[in-house]
Amino acid sequence: MPPMITSRLLQPVDFIFEHHRQSSIAVSPQSFLMHSISIQLDGPSKVEVSCGERRTRVTLRRGDMTIAPYRFSIDGAFVEPCEFLQLHLSPAVIDRAASEAGVTPAIVPVFGVVDPLAEQTIYQLEEELTSRRGTGEYVNLLIQTLATHLVTYYAVETCTTKEAGGFPKYLLETTLDYINRALDRNLSIEEIALAIGIEPARLARAFRASTGKSIHRYLNERFN
């Protein structure tokens, strides 16, 4: 059965915004002509991406973000049935944001990162584009905000999520700071997750990917 894909092309200027729903699909070798940012809408859904001799396997869950930068090439991929939002940004958008922020425009590829700020920005962008209530100025502001966020936390020099999963720098620092400020009492994963605004299961998975330790082990080391 061929893959079933639905998409909406909403703004073919500096960006393209799409909503996909598809069955299992084998992706052919390709090089991305824009910066591609995807947010998973369901899950779990397994993805395997081949780049040369390297294979990256990740299980995506609702809210997880994947970034394929401009000119990033893959030799192929296999994706289980899934639904996701996909925003394609032109290189010019990222270049402008990087210039204004005084950073490099070189964004790294990431798979399955937990980033609620980027996630909510893309949800808001979808609502504005599909409801037609939003003004062009507000849509542009959302695009600019997201582009600045990407060049700040996913540049070569600053990205902390070069492997599958994990947190961007701002969220890892927020999590560690919350833990370190509570050394006088016992903390639960549920409390930390509530404080930083994500589900406990996603916190545990991303924390391990970012630090190489389970959050239980990290807490035990800090409090003992």
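Trainee: Which residue in strand 11 stands opposite Met65?

Mentor: Strands are DSSP runs of E with at least two residues, helices are runs of H or I with at least four, and both are numbered from the N terminus. Strand 7 (residues 65–68) and strand 11 run antiparallel, joined by 2 bridges. Two strands pair if DSSP finds at least two bridges between them. Opposite Met65 in strand 11 stands Val113.

Trainee: What kind of model is this?

Mentor: Residues are numbered from 1 along each chain as its sequence is written, and side-chain values use heavy atoms, with hydrogens and water left out. Local features need pLDDT of at least 70, side-chain atom pairs count only at pLDDT 80 or more, and totals for chains, interfaces and linings use all residues: this is a predicted model.

Trainee: What is the strand order of the open sheet?

Mentor: The sheet has 5 strands with antiparallel pairing. Its edges are strand 1 (15–22) and strand 11 (110–113), each pairing on one side only. From one strand to the next, the twist averages 15°. The order is 1-10-4-7-11.

Trainee: How many bridges join strand 1 to strand 10?

Mentor: The two strands run antiparallel. One position to look at is His19, which stands opposite Leu85 in strand 10. The bridges number 8.

Trainee: Which residue in strand 10 is the bridge partner of His35?

Mentor: Strand 4 (35–40) also runs antiparallel to strand 10. Here 6 bridges join them. The partner of His35 is Leu89.

Trainee: How many residues of strand 10 are buried?

Mentor: Buried means under 20% relative accessible area, exposed over 50%, and partly exposed in between, using a 1.4 Å probe and protein chains only. Cys82, Phe84, Gln86 and His88 point one way from strand 10. Glu83, Leu85, Leu87 and Leu89 point the other way, and both sets are buried. The strand is mostly covered, with a buried count of 8 of 8.

Trainee: At what angle does helix 3 run to strand 10?

Mentor: Two helices lie across strands 1, 4, 7 and 10: helix 2 (residues 116–131) and helix 3 (residues 136–153). Contact means heavy atoms within 4.5 Å. Axes are lines fitted to C-alpha atoms, for helices over the stretch in contact, and angles run from 0 to 180 degrees between N-to-C directions. Helix 2 runs at about 95° to strand 1, while helix 3 runs to strand 10 at about 90°.

Trainee: What span is expected for helix 2?

Mentor: Helix 2 has 16 residues, and its buried ones include Ile122, Tyr123 and Leu125. The expected span is 1.5 Å times one less than the number of residues. From first C-alpha to last, helix 2 reaches 22 Å, close to the expected 22 Å.

Trainee: Which residue in strand 9 stands opposite Val47?

Mentor: Strand 5 (45–51) pairs antiparallel with strand 6 (residues 54–60) over 7 bridges. There, Val47 stands opposite Val58. Strand 5 also pairs antiparallel with strand 9 (76–79) over 4 bridges. On that side, Val47 stands opposite Val79.

Trainee: Which residue in the hairpin turn has a positive phi?

Mentor: Strand 5 and strand 6 form the hairpin, with 2 residues between them. The phi in question is about 65°. The residue is Gly52.

Trainee: Is Arg71 buried or exposed?

Mentor: Arg71 sits in the loop between strand 7 and strand 8 (73–74). Its phi is positive, about 75°, although it is not a glycine. At a relative accessible area of 60%, Arg71 is exposed.

Trainee: How far apart are the C-alpha atoms of Pro44 and Pro81?

Mentor: Pro44 lies in the loop between strand 4 and strand 5, and is exposed at 56% relative accessible area. It touches Thr59, Leu60 and Arg61, leaving out residues up to four places away in sequence. Pro44 and Pro81 are 37 residues apart along the chain, yet their C-alpha atoms are separated by 9.3 Å.

Trainee: What volume lies in the largest pocket?

Mentor: On a 1 Å grid over the protein atoms alone, a pocket is an open set of points with protein on both sides within 12 Å along at least five of seven lines, and lining residues have an atom within 4 Å of a point. Grid points are joined across faces, edges and corners, and a volume is the space filled by probe spheres (1.4 Å) set on the points. The lining has 32 residues, with Val27, Phe32, Ser38, Phe84 and Gln86 nearest the centre. The volume is about 720 Å³.
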